[in-house]
Structure formats: structure tokens, C-alpha cells
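Hi,

Here is the structure I said I would pass on. Have a look at it first, and then read my notes below.

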Amino acid sequence: MNVIWGGKREGSGRPRGAGSKYGEPTKPIRVPVTRIEEVLTILDRPPCKLPLYSSKVAAGFPSPADDNIENMLDLNEYLVKSPDSTYLVRATGLSMINAGIHPDDLLVVDRSLEPQHGKIVIAAIEGELTVKRLYKDKEKILLLPENSEFQPIDITDKESIVIWGVVTNVIHSY
């Protein structure tokens with residue numbers, strides 16, 4: 001009696017491509033137990049690609065529409081440049097209304113971007129979060145509102161400020 005233990009045997013195991021609902025080779029990965037459902041949900045969800053038409057929409061005088069689809073646009077690729085360092089936060093208040101940020105808008109924030117003069121940032125001042133335009137020069141740092149009814153926030157040495165990221169996009173619902 002020949003007994004074979006372990007090792008690769010011709011014809012053993014699953015046939016190549018069998019059992020894969022993805023129609024392509026798969027690779028085992030390690031996933032934290034608490035994240036398994038989330039990963040499975042993402043795999044089962046088709047990419048969010050929407051048609052992007054080649055014609056532009058006039059904000060002034062109307063122009064004839066054209067039915068040519070330029071390509072399919074994946075909103076994740078369009079809105080998120082650094083997935084590992086991007087998060088969403090919901091805006092409140094009216095201090096940034098003239099920058100197009102309204103109450104309940106979703107802000108796409110990238111922590112990997114350098115907070116530069118003139119950029120809109122999420123900042124924590126003494127532990128409280130705010131969204132403002134960053135003003136930096138050699139002498140001072142200000143967080144500027146985009147509404148004349150609000151005052152700039154002057155950052156002094158006495159205050160603790162942490163920039164939590166740069167706002168890259170605003171998702172506004174009507």
C-alpha cells in the first residue's frame with residue numbers, strides 16, 4: 001500500500017479558477033477579524049463609476065447639450081487622492097458660507113497635504129474643531145472665516161493648534 005502524506009500531488013486540490021466568483025486568480029490575505037464584514041461588503045459592491053459627459057454645462061447662456069459620454073468617472077478616484085489619509089467630516093455653522101461651505105455639507109479632508117497659506121483646513125484649537133482658511137506669514141498665523149459676520153482667529157503662542165488636514169472637496173446637497 002502506497003500512502004502519500006502532504007506535498008504537491010498531480011490533480012489534487014481545487015482546479016484553477018474554480019470557486020472564484022471574481023473570474024480571476026485570487027490570493028489569500030490576512031484581515032483583522034473585526035474588519036472581515038467590511039472587506040466583504042466592499043468586494044461585493046461594484047465601483048461607483050458614473051457617466052461623465054464631454055460637454056460642459058453653461059452657467060451663463062444655455063448651450064445645446066450633447067449626448068457624448070467622455071468616460072466613466074469613479075468618484076473615489078476623483079475625490080480621494082490619498083485613501084489612507086483621507087476622511088470625511090460634516091460642516092456646521094455659517095462662518096465659511098462665502099467659500100461655498102454650508103451647514104451639513106460633507107468635507108473631504110486629506111491629512112497628507114501640507115497646510116499652506118490660503119488653503120482651507122480643519123484645525124483643532126484647544127481641542128475644538130473648526131474649518132477656516134489658513135493665513136500664514138513669518139509673524140503670525142490666523143484662521144480666517146469666509147463670512148464678514150465672524151472674526152478671524154489669531155493663533156498665539158499661548159494656544160494649542162493642530163491642523164487635522166486640508167479640505168480638498170465639498171459635497172453640497174441642495
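**The sheet strands and a few other spots**

S6 and S7 form a hairpin with 4 residues between them. The two run antiparallel and are joined by 4 bridges, and across that pairing tyrosine 135 stands opposite leucine 142 in S7. Before I go on, please keep in mind that this is a predicted model.

Going back along the chain, S5 and S6 make a hairpin too, with 2 residues between them. In that turn, glutamate 126 has a positive phi of about 50°. S5 pairs with strand S6 (residues 128–136) in the antiparallel sense, over 6 bridges. If you want a pair to click on, isoleucine 120 has arginine 133 in S6 as its bridge partner.

S5 also has a pairing with S9. Strand S5 (residues 120–125) runs antiparallel to S9, and 5 bridges join them; one residue to look at is valine 121, whose bridge partner in S9 is valine 166. S9 (residues 161–171) also pairs with strand S4 (residues 106–110), antiparallel over 5 bridges. There, valine 109 has valine 167 of S9 as its bridge partner.

For the overall picture, the protein chain has 2 helices and 9 strands, and from the N terminus the order is α-β-β-α-β-β-β-β-β-β-β. Of its 174 residues, 20% are buried. Among contacts with a separation of 6 or more, 49% are between residues 24 or more positions apart. The chain exposes about 14200 Å², with carbon and sulfur atoms supplying 55% of that.

Now to helix H1 (residues 36–44), where leucine 40 is found. Is leucine 40 buried or partly exposed? Its relative accessible area is 40%, so leucine 40 counts as partly exposed, between the 20% and 50% cut-offs. Together with Val33, Ile36 and Leu43, Leu40 makes a nonpolar surface patch of about 370 Å².

The last spot is glutamate 149, in the loop between strand S7 (141–144) and strand S8 (153–155). Glutamate 149 counts as exposed because its relative accessibility is 69%, and the cut-off for exposed is over 50%. Which serine would you check against it? Try serine 95: 54 residues separate it from glutamate 149 along the chain, yet their C-alpha atoms are 7.7 Å apart.

That's what I have so far. Shout if you want to go through any of it together.

Cheers

Terms used: Residues numbered from 1 in each chain as written. Predicted model: local features only at pLDDT ≥ 70, side-chain atom pairs only at ≥ 80, totals over all residues. Heavy atoms only, no water. Buried < 20%, exposed > 50% of the residue type's maximum accessible area, 1.4 Å probe, protein only. Contact = heavy atoms within 4.5 Å. Areas by Shrake-Rupley, 256 points an atom, 1.4 Å probe, with all protein chains shown as cover. Pairing = 2+ DSSP bridges. Patch = residues over 30% accessible without salt bridge, like charges linked within 9 Å, V, L, I, M, F, W, Y side chains within 5 Å. Salt bridge = Lys/Arg side-chain N within 4 Å of Asp/Glu carboxyl O.
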